[in-house]
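Q: I'm new to this structure and would like to learn how to read it. Could we go through it feature by feature?

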Amino acid sequence: MLEMNSLKDTVRRILNELKDARKVCLITHRNADPDAVASTIAFKYFIENIEHLKNRKIMIHIIFPEGIELVSKNVMTSLNINISNFLKDANNEIVCDTQVVLDAASESQLGKYSKLLNNYIIIDHHDVNTLIKNSKVALYDKTASSTSELISLMYMAFNLEPESHIASLLLSGIIYDTKFFKVSVRPQTFNVIYWLLTRNAKYELIVKVMTKKEIPYAEKVARLKAALRAGLYAINDYLLVITCIGAYESSALKTLQDAGADIAIAIARRENYVRVTIRASKRVLEGISSSLAADLANTLGNEFKGSGGGHGAAAGAVLKDFDCEYFIKILRKFFEDKGYKFRTLDEGRWKSECGD
């Protein structure tokens, strides 16, 4: 865990990197969730209002690869934040003096915008982050609940007062990444939440918006297709499900987990790559490995000439030269190397949907 003095020192190094920049790109992961959206927008306001940079003319580009997800849009709308101001897709040929990557752990999460990286800073909390080694400065703490928590700590450390909508955004990021505090949360997280509430973060509004049960028609279709195509495998007495779906992967995987999957994997084919999304239950994290999804994503990235990373419970990878049979072979080896038996219970239809 980063101590406040250590955090302040790291933030000063970040500010030092930004002081001579004329154009800065803030980049987060594809289909940005509330933590990604909150930390990116709040960091923009931090740069614009911190005393160290206040009088410097810095042009800031916010980049949300593939836009933002529905929950994020609903949160922004509820706070009267003009979404269009933050959805201007930057050209991937844009040149920035410095790039700041927030809440992203690998190049694959940045999509085509990974090409922008040449002089970059990392602010992140994922269990596995492969971008840190080449970064100029990294504010990285995998014990933090969210990147929103780290940005909040920055505001606190420098006595910078966020406006109500920024405090509310940061609160939404923490709530989302902790799954409404259902996963392990450190005491410091609640100190941050208290501080945000005293800055007029709208807790009741955020919770109401984020628990709204309205599901779009297309998302319902994706959930049902995921279930119909799923293959079922056993890892000792744990159940692993693999499906093939091209949209709403997170929602589809939640449905499969609610149905009983301990590990759920969604494969989405794209023109030049395959995107893999992984979710692992608390039972698996306690029984096999606390960093399971992140480790598996990283392994798949290495085996398929791509990249992967994330948290123990949620991770993703982008793979090249994908082959279904080799994918199963790597999964089998991954778990057998940990001492577990891997068995096929029902192959389902995912191979025919995701095969060549």
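A: Sure, and keep in mind that this is a predicted model. Let's start with a pair of helices. Two packed helices are described by the angle between their axes and by how far apart those axes are. Here, helix H2 (residues 34-49) packs with helix H5 (residues 164-177) at an angle of about 150°, and their axes are 8 Å apart.

Q: What does that angle make H2 relative to H5, roughly parallel or roughly antiparallel?

A: Angles over 145 degrees count as roughly antiparallel, so H2 is roughly antiparallel to H5. As for handedness, the crossing of H2 and H5 is left-handed.

Q: Which residues make the contact between H2 and H5?

A: From H2 come Pro34, Asp35, Ala38, Ile41, Ala42 and Tyr45. H5 brings in His165, Ile166, Leu169, Leu170, Ser172, Gly173, Tyr176 and Asp177. Sorted by character, the residues of this H2 and H5 contact are nine nonpolar, three polar and two charged.

Q: Let's turn to cysteines. How many disulfides does the structure have?

A: The general idea is that a disulfide is a covalent bond between two cysteines, made through their sulfur atoms. Searching the whole structure turns up two disulfides. One of them joins Cys25 to Cys96, with 2.1 Å from S to S. Its torsion about the S-S bond is 50°, and the link of Cys25 and Cys96 is right-handed.

Q: Where do Cys25 and Cys96 lie?

A: Cys25 is in strand E1 (residues 23-27), while Cys96 is in the loop between helix H3 (70-78) and strand E3 (98-102), so the pair ties together parts that are 71 residues apart in sequence. Both Cys25 and Cys96 are buried.

Q: And which cysteines form a disulfide with sulfur atoms 1.9 Å apart?

A: That's Cys244 and Cys354. Here the torsion about the S-S bond is about 95°, so this disulfide is right-handed. The pair links distant parts of the chain, 110 residues apart: Cys244 sits in strand E7 (residues 238-244) and Cys354 in helix H13 (residues 350-354). To read burial, look for a relative accessible area under 20%. Cys244 has 6%, so Cys244 is buried, and Cys354 is buried too, at 0%. If you number the bonded cysteines along the chain, the pairing reads 1-2, 3-4.

Q: Why does Cys324 not bond to Cys354, the closest cysteine by sulfur?

A: The two sulfurs are 6.2 Å apart, which is too far for a bond. Cys324 is buried all the same, with a relative accessible area of 8%.

Q: Can we use burial on a whole helix? How many residues of helix H4 are buried?

A: We can: in H4 (residues 147-157), 10 of the 11 residues are buried, so this helix is largely enclosed by the rest of the structure. Among the buried ones are Thr147, Glu149, Leu150, Met154 and Tyr155. After H4 comes Asn159, whose phi is positive, near 50°.

Q: Let's finish with a single residue in a loop. Where is Ser289 found, and is Ser289 buried or exposed?

A: Ser289 is in the loop between helix H10 (282-287) and helix H11 (292-303). Its relative accessibility is 15%, so Ser289 counts as buried. Setting aside neighbours within four places in sequence, Ser289 is in contact with Val284 and Asp295. You can also look along the chain to Lys338: it is 49 residues from Ser289 in sequence, and the C-alpha atoms of the two are separated by 9.4 Å.

Terms used. Residues numbered from 1 in each chain as written. Predicted model: local features only at pLDDT ≥ 70, side-chain atom pairs only at ≥ 80, totals over all residues. Heavy atoms only, no water. Axes fitted to C-alpha atoms, helices over the stretch in contact; angles between N-to-C directions. Helix = DSSP H or I, 4+ residues; strand = E, 2+ residues; numbered from the N terminus. Parallel < 35°, antiparallel > 145°, perpendicular 65-115°, else oblique. Left-handed = near helix turned anticlockwise from the far one by under 90°. Contact = heavy atoms within 4.5 Å. Nonpolar A, V, L, I, M, F, W, Y, C, P; charged D, E, K, R; others polar. Disulfide = S-S within 2.5 Å. Buried < 20%, exposed > 50% of the residue type's maximum accessible area, 1.4 Å probe, protein only.
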